[in-house]
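Subject: Structure handover and notes

Dear colleague,

I am passing on the structure we spoke about, together with my notes on it. Please open it alongside this message, so that you can check each point as you read.

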Amino acid sequence: CLRTRKSTSSGTVFHGVHCLRSCSATQGPMGISSGESGFYAAVEGAAVLMAAQSLAADFGKTLRAKLGTDSPAACGMRGRRGLGSVRHLEIQYLWIQQAVQKGLFSLMKVDGETNPAELGTKHLDQKKYSEFMTALGFERREGASKLVLKSAA
């Protein structure tokens with residue numbers, strides 16, 4: 001955001017090919033660099049992912065989860081313990097390193113050009129927008145659904 005200088009995180013939760021959740025939010029901590037903002041986005045995604053795992057566990061299902069990020073900085077932090085040479089990072093967010101090391105989920109690199117989470121972070125042209133909506137399993141239909149309640153006019 002040009003006014004607040006805060007970055008936006010966006011993510012999607014899939015089970016197989018099914019999109020269970022899609023979200024977009026302004027980040028709480030203000031990142032000084034794009035790498036730092038990417039790391040904070042991965043932390044937010046990890047929290048959402050672990051909540052989905054917890055919900056699945058409530059139904060007796062164990063999910064092996066993967067967290068995809070297009071941030072090279074976030075991927076670089078995955079195998080590290082502590083800050084290393086990173087500057088300006090709020091250390092309260094380093095729990096993600098321990099979660100990856102414990103095997104609660106894996107962290108993998110995703111190409112930014114094919115990442116449907118881009119829908120929630122920037123303006124996209126119609127072609128890219130349609131590609132990402134298709135990747136999320138959505139389709140465009142004309143007219144009103146038959147399930148819409150009819151109003152008494």
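The notes below go from the overall fold to the strands, then to the pocket, and finally to the charged side chains.

Please keep in mind throughout that this is a predicted model.

Overall layout

The protein contains 4 helices and 4 strands, and, read from the N terminus, these elements follow the order β-β-α-β-α-α-β-α. The chain has 153 residues, of which 27% count as buried.

The strands

β1 and β2 pair with each other in the antiparallel sense, over 8 bridges, and they form a hairpin with 2 residues between the strands, in which Gly16 takes a positive phi near 65°. Within this pairing, Ser10 of β1 stands opposite Ser24 in β2. The C-alpha atom of Ser10 is also separated by 5.6 Å from that of Cys23, although these residues are 13 residues apart along the chain.

Is Ser9 buried or exposed? Ser9, which lies in strand β1, has a relative accessible area of 7% and is therefore buried, the cut-off for that class being under 20%. Ser10, in the same way assigned to strand β1, is partly exposed, with a relative accessible area of 24%. As for contacts across the sequence, Ser9 and Val43 are 34 residues apart in the chain, while their C-alpha atoms are 9.9 Å apart in space.

The other pairing to look at is that of β3 with strand β4, residues 105-109, which run in the parallel sense over 5 bridges. Leu67 stands opposite Leu107 in β4. β3 has a covered face, made up of Ala65, Leu67 and Thr69, and an uncovered face, made up of Lys66 and Gly68.

The largest pocket

The largest pocket has a volume of about 1,400 Å³. It is lined by 49 residues, and those closest to its centre are Ser10, Gly11, Thr12, Leu67 and Gly68. Ser10 and Leu67 thus appear here as well as in the strand pairings described above.

Which element supplies the largest share of the lining? That element is α1, with 14 residues. At least two residues of the lining come from each of β1 (8-15), β2 (18-26), α1 (34-58) and β3 (65-69). By residue type, the lining of this pocket divides into 21 nonpolar, 20 polar and 8 charged residues.

Salt bridges and helix α4

The structure holds 4 salt bridges, and I describe some of them here, beginning with those in helix α4. Lys127 forms a salt bridge with Glu131, in which the closest N and O atoms are 2.9 Å apart. Why are Lys127 and Glu131 separated by about one helical turn? The reason is that they are 4 residues apart in helix α4, which covers residues 126-135. The two partners also belong to separate accessibility classes: Lys127 counts as exposed, at 60% relative accessibility, whereas Glu131 is partly exposed, with a relative accessible area of 35%.

Glu131 has a further partner in Lys128, and in this salt bridge the closest N and O atoms are 3.7 Å apart. Lys128 and Glu131 both lie in helix α4 too, 3 residues apart, which is about one turn of the helix. Through salt bridges that share partners, Lys127, Lys128 and Glu131 are joined into one network.

Both ends of α4 have a feature that you may wish to look at in the model. At the N-terminal end, Asp125 acts as a cap, with a side-chain oxygen lying 3.2 Å from the backbone nitrogen of Lys127. Lys127 therefore takes part in this contact through its backbone and in the salt bridge with Glu131 through its side chain, since a salt bridge is counted from a side-chain nitrogen of Lys or Arg. Just after α4, Gly137 takes a positive phi of about 95°.

Another salt bridge joins Glu142 to Arg140, with the closest N and O atoms 3.6 Å apart. Glu142 and Arg140 are both exposed.

With best wishes

Technical notes: Residues are numbered from 1 along each chain as its sequence is written. This is a predicted model: local features need pLDDT of at least 70, side-chain atom pairs count only at pLDDT 80 or more; totals for chains, interfaces and linings use all residues. Side-chain values use heavy atoms; hydrogens and water are left out. On a 1 Å grid over the protein atoms alone, a cavity is a set of points where a 1.4 Å probe fits but cannot get out, and a pocket is an open set with protein on both sides within 12 Å along at least five of seven lines; lining residues have an atom within 4 Å of a point. Grid points are joined across faces, edges and corners, and a volume is the space filled by probe spheres set on the points. Ala, Val, Leu, Ile, Met, Phe, Trp, Tyr, Cys and Pro count as nonpolar, Asp, Glu, Lys and Arg as charged, and the others, Gly among them, as polar. Buried means under 20% relative accessible area, exposed over 50%, partly exposed in between (1.4 Å probe, protein chains only). Two strands pair if DSSP finds at least two bridges between them. A polar contact is a pair of N or O atoms within 3.5 Å; within protein, one must be able to donate a hydrogen and the other to accept it, and residues adjacent in sequence count only if both atoms are side-chain atoms.
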